[in-house]
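The exercises below ask for a careful reading of one model, each with a solution worked out in steps. Please keep the sequence and the coordinates open while working through them.

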Amino acid sequence: MRKLTSLMMAVAIAGSIVSCRKSTQIPPNPPETVNKAAPDGFNFSSSKNVTVNITLRDNNDGPLKGVVLSVYATDNTSADAAIFRGVSDATGKITATINVPAYYTRLIVDPAYVGLIRNVTVSLNNNAATAVIGGKAGYSGDVVPDAINDAPVAPASNGGRQVNGLLGIDYVYPTGYTSANAFTTPTNQGKPAYLETTADVIDASLLSYVNASLPESQTVPNLHPEYLSNSATRVINITARADVWITFVSEGAGFQNTLGFYTYKTGSPPSSTGGGTLLGGIDKITYIFPNASANGSGGGLKSGDKVKIGTFDAGTTIGFVLMQNAWTGSGVNTLSTKFFTQDEFNPENTAALRKHTVMLYDDVHKLYLLGFEDQNRQNGGSDNDFNDLVFYATSNPITAISNSGVAVIDNGGDSDGDGVLDELDAFPNDGTKAYISYYPSASKMATLAFEDNWPSKGDYDLNDLVVNYRYAFTSNASNQVVELKGEYKVAATGASFKNGFGVQLPVAASAVTGVTGQLQSTAPYITFAANGVEAGQSKAVIIPFDNPDLLIKNPDNSFFVNTRTDKDKVTNGGTATVVVKFGTPVASSTLTATAFNPFLISNMRRGYEAHLPGYAPTDKATASLLGQGDDNSVAAQGRYYQTKENLPWGISFSEGFSYPIEGANISATYLHFNDWAASGGTSYTDWYTSTAAGYRNTGNIYSK
């Protein structure tokens, strides 16, 4: 034993001597080679922040203040699909940062304000869109104008001509013009060559009257039933010889409609639309706007464009007709559906629904405003806001048009004095609130997918906790948030751990005056301060739930909820609705989606937080765990919650995400995930949405 021990010591000493000698002759071992899944600094975000700079102007380049503007994805512009809302300031500007899926290249911007073009497509250039909507040019900047209707319908510029109107209707252009010379270049816009040289100025005050009277998305029968009364006059009655002009204000239609007029002796209206004068019908319809569509919205008209329709003797009545989607790109299809100011000519079976026009007298601006509804009001296609085409009539002398029986224009109101018209204000009687904006929208939810083994890697199926969520921001007219509501649903818990969920807000804890709706288990491990945020935090932290069983739980109380196909899917999960109230309104630019810091609390151990990559831990996290296990956080470098290969413990999606089944690695499920990560998010930005061949292994996606 002694000999053996002595021999081992000798070998050890000799080895140490040799080792010492070698250490002076060769360089140290090279650093460990790490195969990085993604470039340093990539945060695995599937979305991007885009800056939207929109300026709203009247047609004389004056600013339009207090307009509620909405932003949409290009595939859905229904009211509940808005991904952002804001109010224009005193200079007519709205500037915002919006978080959208990384593959977006365009957005839809909608002022929903009569006098401005609707549903404007804007391009994202270097993650920004800058545009002017309105103004003398109609629009400018990153606006993508709508296409002109070039439907393959044979134009009928002289269509229906029947023996000078004796047996049918003549369709004509104003005197001196035919289909050959009636249009400016390019002719497919249908912009009249006979416009007046000087356009009318339609200032902010007139537009406020128009929008108070015929606001977007509000029905005239409910808002102003008097406009549609049987006694209301909806035609122009001339009482003294006069020149008459028609001025284009706006159009909010998806169609490219045609506007025309016809005349008759006051008190002796035509009895039909056919048969010509021989049978008491309309003899002639003269085109005013062959394509009554705005510049950038499928046409060439600008707000204020004006046509003199003629000189008329006393005792003449002027009626109007809208020809639905009649512009073909080269002329007017006279066989299209028509809506008249004479109700009896319109197609609905119910008399009350045959009204397609409102006419309003504006004594301040001395004009007669008319609004058309361009869809059949009986079949459910109409929104009944009567602003699909808005124009006005003026005359010289100005008193030559009778205002007898004409409804009076609404000159607007701002009951709470916040600068937003009552008709546009979601809270017309509360000056502290003006509108609600949603992320990602009122009809959709965003998704967070976490691994819960931090600081160990886990299996990367990203289903240990899957949370669907939505935020509603109630804001004032200065675009400051006064109240935040978060809705949280647990979609899956692919784990045996009972993981909690928290969100750090980008405001001080003291900025919050109250929090309601946080769910706490019977064995709570979270302590709340008097104002409802988590105690001991410098920034405001809310805990929507501290245990997912409070929202989703298998009937048999087992694990791996909604991640294994051999188990029944749980569909009756609840919602944690958390409402946060602020003592002082917070700028909406502060409460952006990417400024929120969501995190998983692993297995009810408060110090074990798993955040999205690049987001710092909260004050309650156990700092000594950072950099342990597989975690490669380096606080001094602002590096958090990534492995040395740059892999994350959580990924955020600004829309829905179909997560993998239990044990299926994300890269074996979405076949371009690795390519996307390796590119730093520049390639395959649609890696999780595309259903094209080679994008996904559908057998690995939970879709039960």
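**Exercise 1. Confidence along the chain**

What is the mean pLDDT of the protein chain, and what percentage of its residues reach 70 or more? Then locate two stretches where the pLDDT is below 50, and state how many contacts each has in the model.

*Solution.* The model is a predicted one, and the mean pLDDT over the protein chain is 92, with 92% of the residues reaching 70 or more. One stretch of low confidence is residues 1-26, where the pLDDT stays under 50 and the model has 0 contacts beyond four places in sequence. Another is residues 156-165, where the pLDDT is likewise below 50, but for this stretch the model has 28 contacts beyond near neighbours in sequence.

**Exercise 2. The partners of strand S1**

Determine which strands are joined to S1, and in which direction each pair runs.

*Solution.* Begin with strand S1 itself, which covers residues 47-57, and follow its 9 bridges to strand S4, residues 93-101; these two strands run antiparallel. Within this pairing, Val-50 stands opposite Ile-98 of S4. Next, take strand S7, residues 128-134, which is joined to S1 by 7 bridges and runs parallel to S1. Here the residue to inspect is Thr-51, which stands opposite Ala-128 in S7.

**Exercise 3. Enclosed space**

How many cavities of 30 Å³ or more does a search of the whole structure find, and which residues line them?

*Solution.* The search finds 2 such cavities. The largest holds about 50 Å³ of space, and its lining consists of Thr-493, Ala-495, Phe-497, Lys-498, Pro-548, Asp-549, Ser-558, Phe-559, Phe-560 and Val-561. Sorting this lining by class gives 6 nonpolar, 2 polar and 2 charged residues. The second largest cavity has a volume of about 30 Å³ and is lined by Tyr-113, Val-114, Leu-116, Arg-118, Glu-216, Ser-250, Glu-251, Gly-252 and Asn-387. For the second largest cavity, the classes come to 3 nonpolar, 3 polar and 3 charged residues.

**Exercise 4. An annotated span**

Find the residues at which UniProt places the feature "domain: DUF4842", and describe that span in the model.

*Solution.* According to the UniProt record, an unreviewed entry, the feature lies at residues 479-688. Turning from the record to the coordinates, the end C-alpha atoms of residues 479-688 lie 33 Å apart, and the secondary structure of the span amounts to 5% helix and 28% strand.

Definitions and conventions: Residues numbered from 1 in each chain as written. Predicted model: local features only at pLDDT ≥ 70, side-chain atom pairs only at ≥ 80, totals over all residues. Heavy atoms only, no water. UniProt positions renumbered as here; feature names shortened; annotations may be inferred. Helix = DSSP H or I, 4+ residues; strand = E, 2+ residues; numbered from the N terminus. pLDDT = per-residue confidence, 0-100. Contact = heavy atoms within 4.5 Å. 1 Å grid on protein atoms, 1.4 Å probe; cavity = no way out; pocket = protein on both sides within 12 Å on 5 of 7 lines; lining within 4 Å. Points joined across faces, edges and corners; volume = space filled by probe spheres on them. Nonpolar A, V, L, I, M, F, W, Y, C, P; charged D, E, K, R; others polar. Pairing = 2+ DSSP bridges.
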